[in-house]
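Thanks for coming. I will go through one model this morning, starting with a sheet and ending with what packs around it.

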Amino acid sequence: MSETPHRTPQEIIDLYRTEFGAGILDARITERGEGVRKTKGCNIWIRLDKNLLKPAIKKLMDIRFPHFAVIAGNDLGDEIELLYILSVFYGTKFGEYMVTLAIRLKKTDLTVPTITDLIPGALLSEREKQEFFGITVTGIPDGRRLFLPDDFPQGVYPWRKDETGIKPEMVRELWTIGRPKDRPVPPVPEKKPAPEEPAAQGTQKTPGGAAE
Amino acid sequence: MKLTKSFNRSLWVFHLNTGSCNGCEIEIVATIAPRYDPERFGMRLVGSPKHADVLLVTGPVTKKMAQKVRRVYEQVPDPKLVMCIGTCGQSGGVFYDSYNLDGPIDQVLPVDVYVPGCPPRPEAIIFGVVKALEKLERLEAAQ
């Protein structure tokens, strides 16, 4: 694979702005310190129009083939935000940037095109977003559930914060259950608790006394 | 269940994670490391439940894991002990408001020794093993 030139974060954002123009809703760079020496590292955050997701990932592949990390998601109320977290210049010492491409889906139209034709490894993350957010990934090659159990009710999406989220009756409060009563008697009896010692030590404490 | 003389001399342990956050796993590894060195008493982690005498269970039992926990328990040969490590397996712990739990562990398996803590210190786990040995001695005395 022919190497493409290494670029600075600002150059990457400028490339996106010239290509997509007004489709880039927000673009910024945050800096962080890496390791003990706090070597400068950069994160690139680009929020763009939903229809530009696939061209944006293709554009990133032209810059340098990205390393796909994960798709993160967030319920913002009226919208669901999907964050495609990728990194470019993978393996370059102190020159690798995390690129986060964010799109927002209105809750009236929760569809997003699949990116598995570009990056096949994104399939698991897309399946996860489908079952946890109730979005529809159009063109997904395998739309089954991934993490949720098979008998999980339809129409309940655990990461949503609205009425389709987890119902309160689905939460089993384990601390109220206690130890089981319907078990056979153990072969040896339980040991009796030790008799309580008289509170001789308690009188030496001064009321409200500070620790030494 | 007849206990042989050698059973409580070299407990082999199989560790099973049923949805724990890995805190208890780190403490279990700290317990078997040379600082406490339980291998001088013949206690060691084994790779298969078929070789084990003790089942260490950590985590609240998630719905997908419950059936697998039962299968692993059935693969451990008799006589066997079950130890529940950590608060999760007793009361849900940090996963208290999860929708995806079948626990606590004693709803799924008969538990012999509970070690509370989030995560329990290695000393607490060793104390739990001592409690398990005491239980074995009472079993032997009752035979």
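**The chain B sheet and its core**

In chain B there is an open sheet of five strands, paired in parallel, and their order is β2-β1-β3-β4-β5. At the edges are β2(B), residues 44-45, and β5(B), each of which pairs on one side only. Please keep in mind that this is a predicted model.

Take the β5 edge. β4(B) and β5(B) run parallel and are joined by three bridges. Within that pair, M83(B) stands opposite V113(B) of β5(B).

Now the helices. α1(B) packs on the sheet and touches β1, β2, β3 and β4 of chain B. The direction of α1(B) makes about 145 degrees with that of β3(B). α4(B) lies across β3, β4 and β5 of chain B, and runs at about 170 degrees to β5(B).

How do α1(B) and α4(B) pack against each other? Their axes are 9 Å apart, at an angle of about 75 degrees. Angles of 65 to 115 degrees count as roughly perpendicular, so α1(B) and α4(B) fall in that class. From α1(B), the contact takes E27(B), I28(B), A30(B) and T31(B); from α4(B), it takes P122(B), I125(B) and I126(B). By type, the residues of this contact are five nonpolar, one polar and one charged.

Next, the interior. In soluble globular proteins, nonpolar side chains tend to be buried together. Here the largest nonpolar core has 34 residues, and those touching the most other members are L55(B), L56(B), V57(B), M83(B), C84(B) and I85(B). Elements giving two or more residues to this core include β1, β3 (54-58), β4 (81-85) and α4 (122-142) of chain B. Which element gives the most? That is β4(B), with five residues.

M83(B) shows up again at this point. Setting aside neighbours within four places in sequence, M83(B) is in contact with V54(B), L56(B), D112(B), V113(B), V115(B), G128(B) and A132(B). Apart from this core lies another, of 25 residues, with I12(A), L82(A), L101(A) and I103(A) among them.

One last residue, F14(B), which sits in strand β1 of chain B, residues 12-17. Is F14(B) buried or exposed? The cut-off for buried is 20 or more other C-beta atoms within 10 Å; F14(B) has 22, so F14(B) is buried. Beyond four places in sequence, the contacts of F14(B) are V46(B), P49(B), A52(B), L55(B) and V76(B). Of these, V46(B) is 32 residues from F14(B) in sequence, yet their C-alpha atoms are 5.5 Å apart.

Note on methods. Residues numbered from 1 in each chain as written. Chains lettered and ligands numbered in written order. Predicted model: local features only at pLDDT ≥ 70, side-chain atom pairs only at ≥ 80, totals over all residues. Helix = DSSP H or I, 4+ residues; strand = E, 2+ residues; numbered from the N terminus. Buried ≥ 20, exposed ≤ 12 C-beta atoms within 10 Å, placed from the backbone. Contact = placed C-beta atoms within 7 Å. Core = buried A, V, L, I, M, F, W, Y, C linked by C-beta atoms within 7 Å. Axes fitted to C-alpha atoms, helices over the stretch in contact; angles between N-to-C directions. Parallel < 35°, antiparallel > 145°, perpendicular 65-115°, else oblique. Nonpolar A, V, L, I, M, F, W, Y, C, P; charged D, E, K, R; others polar. Pairing = 2+ DSSP bridges.
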